[in-house]
Amino acid sequence: MGLKILGIETSCDETAVGVVEDGCRLLSNVVSSQVELHSPHGGVVPEVASRQHIRDMAPALERALADSGVALQDVDVVAATYGPGLAGSLLTGLNTAKALAFSLGKPLVGVNHLEGHIYASWLARGDTESPADSPGFPLACLVASGGHTDLILMEGHGIYRLVGRTRDDAAGEAFDKAARILGLGFPGGPEIQKASENAQDNDLPPLPRAWMRDTLDFSFSGVKTALLHMAQNQGLYPPEVDDSSRPEDEERAARLVGELAANFQESVVEVMVVKTLEMAKRYNAKGIVLGGGVTANSRLRAEITRASNLPVIIPPPVLCTDNGAMIAACAYFQYERGEENGLDLDIDPALPLG
Ligand code: KG4
Ligand code: ZN
């Protein structure tokens, strides 16, 4: 019988609970998305998010246990994200975990959300081994989400060095803002990806790449501004309010949106791929690990896999975006190292990694 860990994740706008055995066997993974609540605002509204976590927590917990076939009293360890993230959102998940750990008399493990994204790569698919086990350390990790774009050198379990980060917008934030400029929905990443797929014979000039020479840091605000200017020049921004436009105008607008989305995606993806490979080379990494919502992007996944000579480990898209299973996987390795938390553990909205 393996060690069964219940993982709770509520750092942003997903109420997520997963059950994982021995840090790698996924028994269940339930994600209650709040996308519909936030999408009219074009972004996550923290107050709305924290209230909805309270409503969704108990049903998500019940379903995750039912799906896993593990009874509550048979859970060995309770884990939750305690940072970084939105304070009001983190509180719901962490307090739920504390209440469960206390009432069951089981250990509590607090998990760093970014470390959780890395450990999504330890979740095995079916009966296979943990994919991230095979290359060995050090691993070059790119964590790209709505709040972070970090290059993290993982020298061993629990040993991290932050070697690159964004100096302004996170990659996911840039995708979300770009989608808003182009009149696409929220969250922007999947919308930009979808719009790009329809872009053929692109005649527009490419958008700039912020290479930021001699550093592994990123900057994504310039490409977003360049996109805005191009959308203005093409008459796409601000969006047309009168709906008397002719079908041929609408067709032209849709084509341009696709082309601009594709150019934006290309710019962000190319910089992330080149910098991740550069980091791997500089630090003699044995493999590359991707995690975070942005790494669900099909263009990024294809490009980095094509360009790398090292093994590239990317979780399936559902495990790239926020989920509870990754928190449970990460907690397993912490627990094995003897890292447990007391019930006085507090949230840390700005918790760093490495
Ligand atoms: O990791 P995540 O689910 O939550 C945070 O920790 O922030 O990441 C969410 C971000 C959003 O900005 C979303 O637009 C982006 O991930 N994202 C994508 C894709 N799917 C989600 N970005 C690009 N392409 C995608 N397919
Ligand atoms: Zn995340």
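This report covers two sheets, the helices around them, a ligand site and some backbone details. The model is predicted.

**The sheet of strands 1 to 5**

Five strands make an open sheet in the order 3-2-1-4-5. Its pairing is mixed. Strands of a sheet pair through backbone hydrogen bonds, either parallel or antiparallel. The edges belong to strand 3 (25-33) and strand 5 (108-112). Each has a single partner strand, so one side of each lacks a neighbour in the sheet. From one strand to the next, the twist averages 20 degrees.

Strand 2 (residues 14-21) and strand 3 run antiparallel and are joined by eight bridges. Within this pairing, Val20 has Leu26 of strand 3 as its bridge partner.

Two helices pack here. Helix 2 (residues 46-68) lies across strand 1 (4-9), strand 2 and strand 3. Its direction is at about 25 degrees to strand 2. Helix 3 (residues 87-104) also packs on the sheet. Helix 3 touches strand 1, strand 4 (77-83) and strand 5. The direction of helix 3 makes about 155 degrees with that of strand 4.

**The sheet of strands 6 to 10**

Another open sheet has five strands in the order 8-7-6-9-10, again with mixed pairing. Strand 8 and strand 10 (312-313) stand at its edges. One side of each is left without a neighbour in the sheet, because each has a single partner strand.

Strand 7 (residues 149-156) pairs with strand 8 (residues 159-165) in the antiparallel sense, over six bridges. Leu151 stands opposite Gly164 in strand 8. The two strands, 7 and 8, form a hairpin with two residues between them. In the turn, Gly158 has a positive phi of about 80 degrees.

At the other edge, strand 9 (residues 287-291) and strand 10 pair in the parallel sense. Two bridges join them. Val289 has Ile313 in strand 10 as its bridge partner.

**Ligand 1**

Which residues are closest to ligand 1? They are Gly146, Asp176, Gln193, Gly293 and Asp322, out of 20 residues that surround the ligand. Polar side-chain atoms also approach ligand 1, as the table shows.

| Residue | Atom of ligand 1 | Distance |
|---|---|---|
| His117 | oxygen | 3.1 Å |
| Asn297 | nitrogen | 3.0 Å |
| Asp322 | oxygen | 3.0 Å |

Asp322 thus appears both among the closest residues and in a pair with a ligand oxygen atom. On its own, ligand 1 has 560 Å² of accessible area, and the protein covers 90% of it.

**Helix 8**

Does the span of helix 8 (residues 247-282) agree with or depart from the expected value? It agrees. At 1.5 Å a residue, its 36 residues should span 52 Å, and the end C-alpha atoms are 53 Å apart. Just after helix 8, Asn284 takes a positive phi of about 50 degrees.

**Backbone details in the loops**

Most residues other than glycine have a negative phi, and most peptide bonds are trans. Some places here depart from that pattern.

The peptide bond from Gly83 to Pro84 is cis, with omega near -10 degrees. Pro84 sits in the loop between strand 4 and helix 3. The bond from Phe137 to Pro138 is also cis, and its omega is near 0 degrees. Pro138 lies in the loop between helix 4 (113-119) and strand 6 (139-144).

Asp214 is a residue other than glycine with a positive phi, near 65 degrees. Where is Asp214 found? Its place is the loop between helix 6 (188-197) and helix 7 (221-233).

Note on methods:
Residues numbered from 1 in each chain as written. Chains lettered and ligands numbered in written order. Predicted model: local features only at pLDDT ≥ 70, side-chain atom pairs only at ≥ 80, totals over all residues. Heavy atoms only, no water. Pairing = 2+ DSSP bridges. Helix = DSSP H or I, 4+ residues; strand = E, 2+ residues; numbered from the N terminus. Axes fitted to C-alpha atoms, helices over the stretch in contact; angles between N-to-C directions. Contact = heavy atoms within 4.5 Å. Near = heavy atom within 4 Å. Polar contact = N/O pair within 3.5 Å; in protein donor to acceptor, adjacent residues only side chain to side chain. Areas by Shrake-Rupley, 256 points an atom, 1.4 Å probe, with all protein chains shown as cover. Expected span 1.5 Å × (residues − 1).
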